[in-house]
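I sat down today to look at how some helices pack and where empty space is left. These are my notes, in the order I looked things up.

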Amino acid sequence: MGKRFLAALACIAAILAMIPSFAVANDTAEKTYLALGDSISTGYGLDGEGAVSFVNIFSGENGLTADPTYARDGMTSSELCALIADEDAAARVAAADVITVTVGSNDMLGALYGYVASAWSAANPDAPLTGDEIQQVLAGDRDLQTKLALIEFASGQLATFAASDEASSALAELTANLTAVVTGIRTLNPDVRLLVANLYNPYGHLAQSMAGSAWAETGLAISAGFDAATSAVNAVIEAGAATGTYAVADLHTAIAGASENPCNAGIEIVSYDPSAIDIDLDFHPNAYGHGLIADEFTRALHPSYAYADVEPGAWYVDAIDWAIAAGVLGGYGDAGVMGPTDPLTRAQFAEMLWRIAQKPEADSSVLEGFADVDLDAWYVDSLSWAISMGLLGGYTDGSGLMAPDAALTREQLAVVLERLAASSGQDTSARADLSAFPDADTVSTWAVDAVSWAVATGVVQGVETPDGTRVLAPLNTTRRAEAAAVLMRIMTVTDVE
């Protein structure tokens, strides 16, 4: 991020010329969405008229054009690696604006079937089974007694599976493959919004439905075993997300907290004998579950929606999403609000720039001369840095004030941006004739050059009044979302790693 910030400074003048005003209009360009991964993405197991997969729900709710999915039933992480190398798939990846990935379940299930097969064969040498045969029996509906006996046996193995060599080997392979997949996607498409789903436990509600029956302990064992296995995988997925290369759609929490059964797994009484039941272990989500999954992908795509005062679909959503993901902007304490249309204070803008620069150290003694600066305030480090960099300064009216809590005006923002350009060695001599604006005489003397430069480079094109007149409005305040939009353009248009 630090190199990226410096590179942004190096070409800021050219980039700022692309920004027509402080408020960035909603991007109306069509955005393409590509789903990669396993049967969760294909919608396997959906039944009932009108049932649709999360892919359709997610794309529809977020105004995305869904590309033909490259998901496949049973896909493992190794197969997804191979898919990324396919010429046609690579072209689709490179063209996508949003990509979702569901992978990992089949890696761990394959290891689980092999683990259970080894234990079963050791206990039943006259009737050994392979991993594939274990899978076929558990998924089948023919030899019910064999299936139930195998389910009971497998439930006893699940307690130790997560710590087994088979699980460790599968986890190591998944880790390497997921890294390769993400790296491949990012190489093909550095700017794509990449969302990776974590794994969920499909048997929590199954265990609840077995409570009070002869199968209660079996249900609890199955659920606990899958919790342990999915937690290990999810730790890997979370670690990858910490690098900032993708966001996580938290399916695990959503499915665990569902108000009704979100998966196809369930039980069916097959006779008057309460112990004679058929147990469906289909882990795929039902229509309700797909709705929950779509919601989680939307939350991952738009982290700003977690704040009560962010309006879905508003012009500023992309900018606030970027600012949150980049760690540039956060909400107000524990209030659960973002304040996108609130005035941006001078200290808040210093904080945003400081975070982009990766929070460099600065000498706080530069603040001692300002009577209104609290040396114990949250902004001490960032404001010290901004002053040291020459980006912000105190008022020149002899008051000795910095006014960290005052709203940043449009003319002040123009000054800071010009200073950013100048600090990178850019030519900031361009000037525009401000007389075309009827309120030109309201620009502060100290800001005239910066505002003139901002108009000349296209940073400021004026604010349209109800009668159609364009004014500079230099003393109007800058909103938090507007600053986020400007910085997003600067950072994302600059193609630097």
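**Entry 1: helix 5 on helix 10**

I started with helix 5 (residues 77-85) and helix 10 (residues 165-188), which pack at an angle of about 20° with their axes 9 Å apart. That angle makes helix 5 roughly parallel to helix 10. Note to self: this is a predicted model.

Next I looked up the hand, and the crossing of helix 5 and helix 10 is left-handed.

Which residues of the two helices meet here? From helix 5 I wrote down Ser77, Ser78, Leu80, Cys81 and Ile84. Across from them, helix 10 brings Glu173, Leu174, Asn177, Ala180, Val181, Gly184, Ile185 and Leu188. Sorted by class, this contact has 8 nonpolar, 4 polar and 1 charged residues.

**Entry 2: helix 10 on helix 12**

I stayed with helix 10 and checked its packing with helix 12: the angle is about 25°, and the axes are 10 Å apart. The cut-off for roughly parallel is under 35 degrees, so helix 10 is roughly parallel to helix 12. Left-handed or right-handed this time? Helix 10 passes helix 12 in a right-handed crossing.

I listed Leu171, Leu174, Thr175 and Leu178 on the helix 10 side. Their partners in helix 12 are Ala232, Val233, Val236 and Ile237. I get 7 nonpolar residues, 1 polar and no charged for this contact.

Leu174 caught my eye, as it meets helix 5 and also meets helix 12.

**Entry 3: helix 7 on helix 8**

Then I moved on to helix 7 and helix 8, whose axes come within 8 Å and cross at roughly 100°. The two helices are therefore roughly perpendicular to each other.

Tyr113, Gly114, Val116 and Ala117 are what helix 7 puts into the contact. Helix 8 answers with Gly131, Ile134, Gln135 and Leu138. I sorted these into 5 nonpolar and 3 polar residues, with no charged ones.

**Entry 4: the second largest pocket**

I turned to empty space next. How much space lies in the second largest pocket? I noted about 760 Å³. It is lined by 31 residues, and Tyr113, Gln135, Ala139, Leu281 and Phe283 are the closest to its centre. Two of these names were already on my page: Tyr113 and Gln135 are in the contact of helix 7 with helix 8.

Where does the lining come from? Helix 7 (105-123), helix 8 (131-139), helix 9 (144-161), helix 12 (216-241) and strand 8 (277-280) each supply at least two residues. Helix 7 has the largest share, at 6 residues. By class I have 17 nonpolar, 9 polar and 5 charged residues in this lining.

**Entry 5: the cavities**

Last, I checked for enclosed space. How many cavities of 30 Å³ or more turn up in the whole structure? The search finds 4.

I looked up the largest cavity, which holds about 180 Å³ of space. Of its 15 lining residues, Ser105, Leu109, Leu199, Phe226 and Thr230 lie closest to the centre. Helix 7, helix 9 and helix 12 are the elements that give two or more residues to this lining. Helix 12 gives the most, with 5 residues. I counted up the classes too: 12 nonpolar, 3 polar and no charged residues line the largest cavity.

One thing to keep from these pages: helix 7, helix 9 and helix 12 are on the list for the largest cavity, and these three helices also supply lining to the second largest pocket.

Terms used:
Residues numbered from 1 in each chain as written. Predicted model: local features only at pLDDT ≥ 70, side-chain atom pairs only at ≥ 80, totals over all residues. Heavy atoms only, no water. Axes fitted to C-alpha atoms, helices over the stretch in contact; angles between N-to-C directions. Helix = DSSP H or I, 4+ residues; strand = E, 2+ residues; numbered from the N terminus. Parallel < 35°, antiparallel > 145°, perpendicular 65-115°, else oblique. Left-handed = near helix turned anticlockwise from the far one by under 90°. Contact = heavy atoms within 4.5 Å. Nonpolar A, V, L, I, M, F, W, Y, C, P; charged D, E, K, R; others polar. 1 Å grid on protein atoms, 1.4 Å probe; cavity = no way out; pocket = protein on both sides within 12 Å on 5 of 7 lines; lining within 4 Å. Points joined across faces, edges and corners; volume = space filled by probe spheres on them.
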